[in-house]
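This report describes a single protein model, going from one pair of side chains to the wider core and then to the chain as a whole.

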Amino acid sequence: MSRGWLLFALGAACAGRPQRDTTALLREAQADLSAGRGDQAQREFEEVLARDPGELAAVRGRIEAARKRGALEPLLRELRSGAKEEALGFYALGLAEFAAGNESAAIAALRKASELRPGEPDIQYRLGIALLDGEKFAEAREPLAKAAALAPKVARFRPALAMCLSRLGDRKAALQALHDFAQLDPTPKEAALGVKVARSLTDLFRDLPQPARSDLEQALGYLLRDAPGIAAPQLETLLLRLPDLAAAHALLGLAAARLDEAGRAVTELRRAAELAPDLPQPHAWLAELYVAKERPELAAAEYSAALLRNPLDPETLRHLGTLRLERGLPDALEPLEQAALLAAEDDGLMLLVARAEIAAGQQARALARLERLADRRPEDAEVLLRLAMLLFDQRARAASTARGDLTQRVEGLLKKVLALQPENAAANRLLTALREG
């Protein structure tokens, strides 16, 4: 395990939300640090600490700025020589020692800080991260669990706890630590880490013996190259040796589905689910098969079953939300919103969320989302058309004083859509309706 855990924790926390009455200066320092203006950021963090020595985000920011500037050693000397009767002194020293690669000194200082202030979740978290990074998994469990318990609404504490529990062999508790992660408003970096940890916990090939793993990876390669006819016999041969290998049954089910052998695909995927009830993949692949066979209710049930096993799979959340949206099934918005929190850079997903918001009667939220999308994707005809359609509906309900401006905006959007796609029938119809009043 790399030292990246604590360095991620330092960086992510520096971008975290201000606590109490944190000033605009702290926000400016965090922005300067993110933008690479280390000298300016360090001065600002130090000014924040002069005003409020207990501001943990500024403590972390000061250390991270020094690390990025290559000025960590002078700061370390200052922290080592300073008085450390209080928890914050040991906390700062522990973070700086770890950033410098001094693991044992970092753990000792952070442990002292945690003893002096046991109710501060971030101190517990940093101690747990340092222990986790040093592969002291049994020792890391208590402070990481304590951090999550002290601050149950803080997203960044959960992936580290889940990883620790996984390394201790408690995969069920690890997934439980992540079950509501998407509802905790994670930052994009936190979301990416949570998705990565959840994926590792539910890896189809996890804990397999090497010969079987190699055979399965080769079969998967054939499937990815759209060669199910080559993959299937290889998987059948493997199952003659290892008839209870769930991953092989799952891949054989996928190969059968690609060969349009639906009955066999269902049988193999259900067998895989029986042999490995914690795996999400057999359920997700069954859902895809049911979608192809026009069985939306069965597909939705299987997608939901997959999400019980891995609640942080953006693709499964997206598929479930899209299925419900397009088939008129209820509750389309929730899985799409969760997927968007986990994959915030996916503009196509944001468009789906906007469509679901409109279907759920949340026009104001959809309008704001589409405006942001249109700013980011000014040449995306679908985004512009969706925005024009929503504004057209808003125009119909608007007061007469606002209708003129809305008419001009909608017409401008539609003309841009038609410049990009002259044959777009929906845009042409809407433009005609607009001009007819």
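In this predicted model, the count of aromatic pairs comes to 1. The partners are Tyr125 and Phe157, whose rings adopt a tilted arrangement, with 4.7 Å centre to centre and 40 degrees between the planes. Because Tyr125 belongs to helix 8 (residues 121–133) and Phe157 to helix 10 (residues 157–167), the pair ties together parts that are 32 residues apart in sequence. Both Tyr125 and Phe157 are buried.

Tyr125 also appears among the residues touched by Leu144, a list that, leaving aside residues up to four places away in sequence, further includes Gln124, Gly128, Ile129, Leu132, Ala160, Leu161 and Cys164. Leu144 is itself one of the residues with the most contacts inside the largest nonpolar core, together with Ile63, Tyr91 and Leu216, and this core has 148 residues. The element that gives the most to this core is helix 6 (residues 87–99), which supplies 10 residues.

For the protein as a whole, the secondary structure amounts to 25 helices and 0 strands, and among contacts between residues at least 6 apart in sequence, 51% join residues at least 24 apart. Further overall values are collected below.

| Property of the protein | Value |
|---|---|
| Box filled by the C-alpha atoms, along the principal axes | roughly 75 × 75 × 35 Å |
| Buried share of the 437 residues | 51% |
| Exposed area | about 20500 Å² |
| Share of the exposed area from carbon and sulfur atoms | 51% |

Turning to charge, the protein has 60 positive and 63 negative charges, and their mean positions are 1 Å apart.

Terms used:
Residues are numbered from 1 along each chain as its sequence is written. This is a predicted model: local features need pLDDT of at least 70, side-chain atom pairs count only at pLDDT 80 or more; totals for chains, interfaces and linings use all residues. Side-chain values use heavy atoms; hydrogens and water are left out. Helices (H or I, at least four residues) and strands (E, at least two) are DSSP runs, numbered from the N terminus. Buried means under 20% relative accessible area, exposed over 50%, partly exposed in between (1.4 Å probe, protein chains only). Contact means heavy atoms within 4.5 Å. Accessible areas come from the Shrake-Rupley method with a 1.4 Å probe; for residues, only the protein chains shown count as cover. Lys and Arg count as positive and Asp and Glu as negative; His and the chain ends are not counted. The place of a charge is taken as NZ of Lys, CZ of Arg, CG of Asp or CD of Glu. A nonpolar core is a set of buried Ala, Val, Leu, Ile, Met, Phe, Trp, Tyr and Cys residues joined through side-chain atoms within 4.5 Å. Rings of Phe, Tyr and Trp (its six-membered ring) pair if their centres lie within 6.5 Å; planes under 30 degrees apart count as stacked, over 60 as edge-to-face and the rest as tilted.
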